[in-house]
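Hi,

Here is the structure I promised to pass on. Have a look at it first, and then read on for what I found in it.

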Amino acid sequence: MDDKKDQPFMVLKSISKGFNTKEINIEILNQVDFDIHKGESIAIVGPSGIGKSTLLHLLGTLDRPDQGSLFFMGRDLFSMKDEKLALFRNEKIGFVFQFHHLLAGFTAVENVMIPCMIGPGKKNTKKRAKEKAKVILKRVGLLHRLFHRVEDLSGGEQQRVAMARALVMEPDLLLADEPTGNLDRKNSQEAHSLLIELNRELGMTLIVVTHNNELAGLMQKKVTIKDGKIVNCEL
């Protein structure tokens, strides 16, 4: 019986990626195959320099592989031209990084509005974008900080703004690269709990690259990369 619920949400097929220098060709990922199901929470773990962030960037279509395909609900993403792929990325994928990449001089709500104002036809007016930003900032506990400039916020608050910005378009996929790497233990634990809550509440797929064993342990699945391959997938 064809049960769509059992079909993967994303499929990586024979993904390879390397980097060339004058002296040597460096192979980062080699023929990686991986299925991801909707609503899963996944930690990508392993030592530095093994390709965790490279894999995340490929999943987020921030980079293209040397070979291989990435299917999103059956759609071959790397067959798309850059402009269409960028629009797809803005609507379907949210990103949270270790360094927040927030715009200094702008308020929390202004930073979160930005993804809503991008795209053909500007589907969201400024008023609508602001309302959407307020709703998600309230959800991450920053209703009282809407109109504070981001440089006046604490590190933990800035990361919550970054999470809100990643979620304002209600993406199907949230990718986080060392999202609590610059936070103290208390703020890290709060951010971990928030990520898990949002994954469950919104039904989005969550994939996190992390060295933090506590965060990795909260995920439903833990994926280890070694020698360019996925060598372990723990449930």
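Start with Phe 71, which stands opposite Asp 76 in strand S5. That spot belongs to the pairing of S4 with S5, which runs in the antiparallel sense over two bridges. Before you go further, please keep in mind that this is a predicted model.

S4 and S5 are part of an open sheet of four strands, in the order S2-S1-S4-S5 and with antiparallel pairing. At the edges you'll find S2 (25-36) and S5 (75-76), each of which pairs on one side only. Now add helix H1 (residues 52-59) to the picture: it lies across S1 (10-20), S2 and S4, and runs at about 125° to S1.

While you're looking at S1, stop at Ser 14, which lies in that strand. Ser 14 has a positive phi of about 55°, although it is not a glycine. With a relative accessibility of 28%, Ser 14 counts as partly exposed.

Ser 14 has a counterpart in Glu 170, so to speak: Glu 170 is not a glycine, and its phi is positive at about 55°. You'll find Glu 170 in the loop between helix H5 (155-167) and S7. Is Glu 170 buried or exposed? Its relative accessibility is 63%, so Glu 170 counts as exposed.

Next, the aromatic rings. How many aromatic pairs does the structure hold? There are three. One to look at is Phe 72 with Phe 88: the ring centres are 4.9 Å apart and the planes stand at 90°, so this pair is edge-to-face. Phe 72 sits in strand S4 (residues 67-72) and Phe 88 in helix H2 (residues 82-92), so the pair ties together parts that are 16 residues apart in sequence. Phe 72 and Phe 88 are both buried. Phe 9 comes in as well, since ring pairs link Phe 9, Phe 72 and Phe 88 into a cluster.

That brings us to H2 itself. Which residues of H2 are buried? Leu 85, Phe 88, Arg 89 and Asn 90 are. The cover over the buried residues of H2 includes S4, S5 and S6.

Arg 89 in helix H2 deserves a click of its own. Arg 89 is buried yet has no salt bridge. Where is the nearest side chain of opposite charge? That is Asp 82, 6.5 Å away from Arg 89. A salt bridge would need a side-chain nitrogen within 4 Å of a carboxyl oxygen. As for what Arg 89 does touch, leaving aside its neighbours within four places in sequence, it is in contact with Gly 60, Thr 61, Leu 62 and Phe 95.

Last stop: strand S6 (residues 93-97). Four of its five residues are buried, so S6 is largely enclosed by the rest of the structure. S6 pairs with strand S7 (residues 173-177) over five bridges, in the parallel sense. If you want one place to zoom in on there, try Gly 94, which stands opposite Leu 174 in S7.

If you'd like a short route through all this, begin with the sheet ordered S2-S1-S4-S5, go on to the cluster of Phe 9, Phe 72 and Phe 88, and finish at S6 and S7 with their parallel pairing.

Cheers

How values were computed
Residues are numbered from 1 along each chain as its sequence is written. This is a predicted model: local features need pLDDT of at least 70, side-chain atom pairs count only at pLDDT 80 or more; totals for chains, interfaces and linings use all residues. Side-chain values use heavy atoms; hydrogens and water are left out. Rings of Phe, Tyr and Trp (its six-membered ring) pair if their centres lie within 6.5 Å; planes under 30 degrees apart count as stacked, over 60 as edge-to-face and the rest as tilted. Buried means under 20% relative accessible area, exposed over 50%, partly exposed in between (1.4 Å probe, protein chains only). Two strands pair if DSSP finds at least two bridges between them. Contact means heavy atoms within 4.5 Å. Axes are lines fitted to C-alpha atoms, for helices over the stretch in contact, and angles run from 0 to 180 degrees between N-to-C directions. Lys and Arg count as positive and Asp and Glu as negative; His and the chain ends are not counted.
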